[in-house]
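Trainee: I'd like a close look at one part of this model, namely a spot where helices and rings come together. Please take it slowly, since I'm still new to this.

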Amino acid sequence: MILKYEDYKLYNKSVFERVVFKPPFKPSVTYDDEACFIYSNLGNGISYGGIEKDTVKSKESILMKCGSFVNHWQSSEDGKPCEIIAIHFTPDIIKSIYKDEIPSFLYSKKQSNKKKIFKKISQSTIIDEFIKGLIFYFDNPHLINKDLLILKIKELLLLLYNTNYAVIRDLLHSLFTPVELTFKSIIQTHLYDNLDSNDLAALTNTSLSTFKRKFKTIFGEPPVKYIRDKRLEKSSELLKLSNLRITEICFDCGFNSINSFTRAFTKKYGKSPSEFRDNSN
């Protein structure tokens, strides 16, 4: 549930956003012609994109290039809402603010063979200070104007480029170049993540009906049945071969509650997970 939303526009497009929301919250987004930098001012989450995933904690950030993503923001023990700051980049805005003199670090002839579409940036004092300044302007909107927005975009791009992460530079070089990923590789990557058909459809950039049809063509079964069976097969192997707690196995295999896991497991194997483990020893 979104509790508060603020944004600043440049050339009629949102470039800076501040969003406060109550977790759990799982938005899916597709950046067809833009890239996005997301900073978690408060709250923890998991970002999924293509064949990648990573955790994002408070004061950490991620840089996302063109692609489809699912961001799962999780409830905290203290029950506080999450707050994120998002900065959007589009080719048109970049060209406009640099007056067609695009810096070389944004458009490089060097092509990377790494299929990275996002990168997490651990807590950085430099990025923290940049965000604090941005929040000051959100709290004082009368100070905002076009020239200031342009300066802040340029500042962030330079800060990102000057990080010690080679992959960040690599992403900046190809910020607006989508990475081609196969449908099958995306499914196989996220098979045991806590994602449903809607989430996987978003990551493959298809409608739900198209996703289900394409999934059955490739894997021979509807997505719900195929994914559930694969997760149950993995859980049965872990019950036999590992000392992990049943609760850990449940979540490691992509189930969102111990009750749903136990019901599905018992229906498939005729025994509860604990009975199955006892009989396997």
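Mentor: Here's the big picture, then your spot with the rings, and after that some other places worth a look.

A word on the ground rules. You're looking at a predicted model, where local features need pLDDT of at least 70 and side-chain atom pairs count only at pLDDT 80 or more, while totals for chains, interfaces and linings use all residues. Residues are numbered from 1 along each chain as its sequence is written, and side-chain values use heavy atoms, with hydrogens and water left out.

The chain holds eleven helices and ten strands (DSSP runs numbered from the N terminus: helices are H or I with at least four residues, strands are E with at least two). Its C-alpha trace spans about 70 × 45 × 35 Å along the principal axes. Out of 281 residues, 46% count as buried (under 20% relative accessible area with a 1.4 Å probe and protein chains only; over 50% is exposed, and in between is partly exposed). Take the contacts between residues at least 6 apart in sequence: 71% of them join residues at least 24 apart (contact means heavy atoms within 4.5 Å).

Now for the rings. Rings of Phe, Tyr and Trp (its six-membered ring) pair if their centres lie within 6.5 Å; planes under 30 degrees apart are stacked, over 60 edge-to-face, and the rest tilted. By this rule there are 16 aromatic pairs. One of them is F183 with F211: their ring centres are 5.6 Å apart and their planes sit at 40°, so the pair is tilted. F183 belongs to helix α5 (residues 183-189) and F211 to helix α7 (residues 208-219), so this pair ties together parts that are 28 residues apart in sequence. Both F183 and F211 are buried. Then there's F219 with Y226, where the centres are 4.8 Å apart and the planes at 45°, so that pair is tilted too. F219 and Y226 are both buried as well. Put F183, F211, F215, F219 and Y226 together and you have one aromatic cluster.

What angle do α7 and α8 make where they pack? It's about 55°, with axes 9 Å apart (axes are lines fitted to C-alpha atoms, for helices over the stretch in contact, and angles run from 0 to 180 degrees between N-to-C directions). The two helices are therefore oblique to each other (under 35 degrees is roughly parallel, over 145 roughly antiparallel, 65 to 115 roughly perpendicular, and the rest oblique). On the α7 side you'll find F211, K212, F215 and F219, meeting P223, Y226 and I227 in α8. Sorted by class, that contact has six nonpolar, no polar and one charged residues (Ala, Val, Leu, Ile, Met, Phe, Trp, Tyr, Cys and Pro are nonpolar, Asp, Glu, Lys and Arg charged, and the others, Gly among them, polar). Helix α8 (residues 223-241) also carries K225, which is partly exposed at a relative accessible area of 35%.

Now look at another helix pair. Helix α2 (residues 125-139) and helix α3 (residues 146-161) pack at about 165°, their axes 11 Å apart. That makes α2 and α3 roughly antiparallel. From α2, I126, I127, F130, L134 and Y137 meet L148, K152, E155, L156, L159 and L160 of α3. Those residues split into nine nonpolar, no polar and two charged.

Stay in α2 for a moment, because I135 lies there too. I135 counts as buried, at 16% relative accessibility. Leaving out residues up to four places away in sequence, I135 touches R18, N41 and I85. The C-alphas of I135 and N41 are 9.8 Å apart in space, though 94 residues separate them in sequence.

Last come some backbone quirks in loops. The peptide bond from P23 to P24 is cis, with omega near 0°, and P24 lies in the loop between β2 (13-21) and β3 (28-31). Y11, not a glycine, has a positive phi near 55° and sits in the loop between β1 (2-10) and β2. K59 isn't a glycine either, yet its phi is about 75°; find it in the loop between β6 (52-56) and β7 (61-64). Y11 is partly exposed at 36% relative accessibility, and K59 is partly exposed at 28%.
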